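Q: Please take a close look at one part of this protein, the open sheet that contains strand β6, and then show how the rest of the chain is built.

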Amino acid sequence: MADQPADKKLFENLSGAGKAIGVLTSGGDAQGMNAAVRAVVRMGIYVEAKVYFIYEGYQGMVDGGDNIVEVSWESVSSILQVGGTVIGSARCKEFRTREGRLKAAFNLIQRGITNLCVIGGDGSLTGANLFREEWSGLLEELAQSGKIEEEAVKKYVYLNIVGMVGSIDNDFCGTDMTIGTDSALHRIIEVVDAIMTTAQSHQRTFVLEVMGRHCGYLALVSALACGADWVFIPEYPPEEGWEEQMCVKLSENRARKKRLNIIIVAEGAIDSHNKPITSEKVKDLVVQQLGFDTRVTILGHVQRGGTPSAFDRILASRMGVEAVLALLEATPDTPACVVSLSGNQAVRLPLMECVQMTQEVQKAMDERKFCEAVRLRGRSFENNLNTYKLLSHRRPDAELPKDDLSCSTNFNVAVLNVGAPAAGMNAAVRSAVRVGITEGHNMFAVIDGFEGFARGQIKEISWGDVGGWTGQGGSLLGTKRTLPAKYLEKIADQMRANNINALMVIGGFEAYLGLLELSAAREKYDEFCVPMVMVPATVSNNVPGSDFSIGADTALNTITDTCDRIKQSASGTKRRVFIIETMGGYCGYLANMGGLAAGADAAYVFEEQFDIRELQANVEHLTEKMKTSIQRGLVLRNENSNENYTTDFIYQLYSEEGKGVFDCRKNVLGHMQQGGAPSPFDRNFGTKISAKAVQWISKKLKETYRKGKVFANTQDSVCLLGMRRRNLLFQPVVDLKDQADFVHRIPKEQWWLKLRPLMKILAKYKTSYDVSDSGQLEHVARHSPKEAETGAI
């Protein structure tokens, strides 16, 4: 790896020599827990600490014996893609008593374990904190009873605790996503997509009950992801008279030729008097009031099952490494902390602050302070709810905003897709159209990008036209890579003919280049002096100004699923190495993150140049690996990572050098990475980012409307809306020019390159790891209602 700048805080300066770390999973299981366990074990061993499995959660800690076992590197092989938890989880009444905790402390001291990594929900983490607070007292009691020496009391005087939240409900305050939530959404959306096909055949109404006894996150986000007609969640009960309102809405949708109705109910849903709303009650209501053919589907433990998504594997791996770093850096004065996700950043938060806020949510709900409960859930939850309310119900024309401007007509806003198709584009278009109509605009769809624009392929698009679009892959509007430069005059003519007052472009690097060209053409054509905004959508994730693009998550899941199958095929044929080529142009995001999610041994990317010496070192590393019990290898290569070291070349090199030790196979994934139904992340990211973009357009239209005309010619009226670290930001496209490498069509700086060493560490390479972003303990932020509108996704 390249030399690191001197001001960077390097992980190699930290050492866990002499330390012992225990890892346990507690409470309900969640997909991705195994990825977290794997990361803790391998990072722990990497820093020369001893690492112990504590089987069956706190029960295993209390029972001791064979339940607490030192583990090796190979112990966590092949668990990355396994759902649930391989070290078991159990509820433990005994640990809730001091006597039980005394036994647990004794068992840990026997093995010198004074660092605990606990993966579980708020109950498990609260128990861990109590254990930590009592630790010195427990040791003194053990010494007095003669079970341990006084020397042991002095030697093991402090217990360090770091938590990771594993819960499919996403019910823990302080983190945007808990481990397992994204995978649970995948299960729900798979079922909803399957149900939609059968329901449309019969004109049926389906009531889906999803998990969430105290938290409505799964219900709310799955309702957003599938465009459900109605959703019931504990934090936001329906208003009085909801029964009639829901039936009116369902019958209106059926009258608009909508062949199916989807209602999603969280298992803990309540009305405004705190009385339960059950799926059966909702079904009976629809049947009695409307006579619709209605079915109930209770998803149950299906949501906990299956393989973890790419997002959960990467999240859990990052959190696991961060947890070990937090344990290494912990001092007696450091409070027990939880490592969590804020936007795109790993953060450390005081455990009990998070637990206290989580308990405050329940208290607010018990006291029927539902607005307060929603606010306490955090900006992300509040944003989801506001977006759902915006998109789910069309207001009557009489209630739509009437501009207090002197214009006789509403504004015309055009939406188009530019570049290669990406899963989630249709969800973004649907959101833009519906929010635009809610804001009082006339929405126009442009077919086939800038090329179609020049040809006049423009049509007005209504609320109902985009029904059912969220789950559709590809681009229903059609998309082309063509840039507008050679069509400027024709596009200007069409802008004038259709009186287009604002433009929203959904696409990749071509969309960015297109907006730069339109911005530059303002000097010649007044028609382009209108607000323009771009929403990034490309599987390559190579747009400057945004950490994520719509479509990249779906592609990443395709790569991860394929790698899982390939690894499985290798389990029957020992000593085999697979070389996989991914898409992405010159951007190595898919290869790098796919490698991290699939547990690859190496990932070759353009951004980090490699030579024959590194290829040789990788071959030698795999040769050594084949001597262990893990007799298979996985290597990913980004399609344009190197002009001469092609996929064929690497395949032939590995085949030659590995003769007699391992054989090779290669696989070029190709356009399957662009296809398929969009993942829950891409549906929701596309939905929310588009909604925010249209709201920005509305604001700019009002600011730039003068004397019966829209005229916007400032740099900040042509923006890209991107996610940067923790916030969504509108950035003038001209300002992003310095951040773009136009030759290779990638951003000059890419956040995910910081995760490169993480993948190498988990694959047993020696490397240095920049930890300048970690190590800072923050406090749980309490936001004001206005903050929900300004940043979080």
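The answer below starts with that sheet and then moves outward.

A: The model is predicted. The sheet in question is open and has four strands, in the order β7-β8-β6-β9. Its strands pair in the parallel sense. At the edges are β7, residues 230-232, and β9, residues 294-298, and each of these pairs on one side only. Ignoring direction, neighbouring strands in this sheet are turned against each other by 15° on average.

One pairing can be followed in detail. Strand β6 covers residues 205-210, and five bridges link it to β9 in the parallel sense. One position to find on screen is V207, whose bridge partner in β9 is V296.

Two helices belong in this picture. Helix α8, residues 242-255, packs on the sheet and touches β6, β7 and β8. The direction of α8 makes about 150° with that of β7. Helix α7, residues 217-226, lies across β6, β7 and β8, the last of which spans 261-266. Relative to β8, helix α7 runs at about 165°.

The last residue number of α7 is 226, which leads to the cysteines. C226 is in no disulfide, and the nearest cysteine sulfur, in C215, is 17 Å away. With a relative accessibility of 3%, C226 counts as buried. A disulfide is a covalent bond between the sulfur atoms of two cysteines. The cut-off used here is a sulfur pair within 2.5 Å, and by this rule the count of disulfides is zero. C173 is another case: its closest cysteine sulfur is that of C354, and because the two are 7.9 Å apart, they are too far from each other for a bond. C173 also counts as buried, at 2% relative accessibility.

A second sheet can be read in the manner of the one above. Four strands form this open sheet, in the order β19-β20-β18-β21, and the pairing is parallel. Strands β19 (602-604) and β21 (663-668) stand at the edges with a single partner strand each, so each has one side without a neighbour in the sheet. From one strand to the next, the twist averages 20°. Strand β20 is made of residues 632-638 and runs parallel to β19, with three bridges joining them. Within this pair, Y604 stands opposite R637 of β20. Helix α19, residues 589-598, packs on the sheet and touches β18 (576-582), β19 and β20. The directions of α19 and β20 make an angle of about 160°.

Some loop residues also deserve a look. G545 lies in the loop between β17 (532-536) and α18 (552-572). This glycine counts as buried because its relative accessibility is 6%, and buried means under 20%. Leaving out residues up to four places away in sequence, G545 touches L720, G722, M723, R724, Q731, L736 and Q739. A597 is 52 residues from G545 along the chain, and their C-alpha atoms are separated by 24 Å.

Two other loop residues are picked out by their backbone angle. Most residues other than glycine have a negative phi. E48 has a positive phi, near 70°, and its place is in the loop between α1 (33-46) and β2 (50-54). E48 is exposed, with a relative accessible area of 53%. D448 has a positive phi too, near 60°. The loop that holds D448 lies between β13 (442-446) and α15 (449-455).

Finally, the whole protein. It has 23 helices and 27 strands. Its radius of gyration is 27 Å, close to the 28 Å that the globule rule gives for 793 residues, so the protein is as compact as a globular protein of that length. Along the principal axes, its C-alpha atoms fill a box of roughly 90 × 70 × 50 Å. Of the 793 residues, 62% are buried. Among contacts with a separation of 6 or more, 79% are between residues 24 or more positions apart. The protein exposes about 30200 Å², and carbon and sulfur atoms supply 48% of that area.

How values were computed
Residues numbered from 1 in each chain as written. Predicted model: local features only at pLDDT ≥ 70, side-chain atom pairs only at ≥ 80, totals over all residues. Heavy atoms only, no water. Pairing = 2+ DSSP bridges. Helix = DSSP H or I, 4+ residues; strand = E, 2+ residues; numbered from the N terminus. Axes fitted to C-alpha atoms, helices over the stretch in contact; angles between N-to-C directions. Contact = heavy atoms within 4.5 Å. Buried < 20%, exposed > 50% of the residue type's maximum accessible area, 1.4 Å probe, protein only. Rg over C-alpha atoms; globule rule 2.2 N^0.38 Å. Areas by Shrake-Rupley, 256 points an atom, 1.4 Å probe, with all protein chains shown as cover.
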